[in-house]
Amino acid sequence: GSSWASNLDAYEEGTWTPIVQFGGGSSGITYNGSAGSVAQGGHYTRIGRVITFAMRIIMTSKGSSTGDATIAGLPYTVANLSGNYGSAMYSFANNFVIPPSADITIDNNSSIIRLRYTQTNGNYGNIGNSDFNNNTDIILTGTYMA
């Protein structure tokens, strides 16, 4: 059977590749790093079912896809449990305006980061392709249960 000890023995570190998408597409999106940085990189640590991740993207072109902004490629799917969602926060942004009341979520049974914000009426809104620039540089950190 499962126990806390055996769950905590499941330790792993690794990398993943964040893929920005607009409306589920990534046509024409390109990335390029600068001195001492990576253009499209992610790291994670898994302890038991808990995944902690960090990622950075430096875009040279936001491409031609349109729609809601998401980031695909997380190393594990969020566990499909009632009330279980992943979350993240912006650690850094350049040439990208972090919206007031920014919300970054990962739905259960998904491995896609959703870039959102809370509107003044209390409902959530989605960040879209028009909120990005050709030289957007973003660092996110987050956690979820797989």
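## Serine 65 in its loop

Let's start with serine 65, which sits in the loop joining strand E5 (50–62) to strand E6 (69–72). The model here is a predicted one. Despite its place in a loop, serine 65 is buried, because its relative accessible area is 12% and the cut-off for buried is under 20%.

What does the side chain of serine 65 reach? One partner is the backbone oxygen of glycine 25, at 3.5 Å. A polar atom of the same serine 65 side chain also lies 3.0 Å from the backbone nitrogen of serine 27. Leaving aside residues up to four places away in sequence, serine 65 touches Phe22, Gly25, Ser26, Ser27 and Asn129. Both of those backbone partners, glycine 25 and serine 27, turn up in that contact list.

## Two salt bridges

How many salt bridges does the structure hold? There are two. One pairs aspartate 137 with arginine 56, and their closest N and O atoms are 2.6 Å apart. This pair ties together distant parts of the chain: aspartate 137 belongs to strand E11 (residues 137–145) and arginine 56 to strand E5, with their positions 81 residues apart. Aspartate 137 counts as buried because its relative accessibility is 8%, below the 20% limit.

The other salt bridge joins arginine 114 to aspartate 107, with 2.9 Å between the closest N and O atoms. Here, arginine 114 is partly exposed, since its relative accessible area is 27%. Aspartate 107 is partly exposed too, with a value of 22%; partly exposed covers the range between 20% and 50%.

## Arginine 116, buried without a salt bridge

Now for arginine 116, found in strand E9 (residues 113–118). Why does arginine 116 have no salt bridge, given that aspartate 107 is the nearest side chain of opposite charge? Aspartate 107 is 4.1 Å away from arginine 116, and a salt bridge needs the nitrogen and carboxyl oxygen to be within 4 Å, so the pair does not count. Arginine 116 is nevertheless buried.

Its side chain does have polar company. The side chain of arginine 116 makes a polar contact with the side chain of asparagine 126 at 3.1 Å, and another with the side chain of threonine 105 at 3.3 Å. Around arginine 116, not counting residues up to four places away in sequence, the contacts are Pro99, Ala102, Asp103, Thr105, Asp107, Tyr124, Gly125, Asn126 and Ile127. Aspartate 107 thus shows up among the contacts of arginine 116, while its salt bridge is with arginine 114.

Terms used:
Residues numbered from 1 in each chain as written. Predicted model: local features only at pLDDT ≥ 70, side-chain atom pairs only at ≥ 80, totals over all residues. Heavy atoms only, no water. Helix = DSSP H or I, 4+ residues; strand = E, 2+ residues; numbered from the N terminus. Buried < 20%, exposed > 50% of the residue type's maximum accessible area, 1.4 Å probe, protein only. Polar contact = N/O pair within 3.5 Å; in protein donor to acceptor, adjacent residues only side chain to side chain. Contact = heavy atoms within 4.5 Å. Lys, Arg positive; Asp, Glu negative; His and termini not counted.
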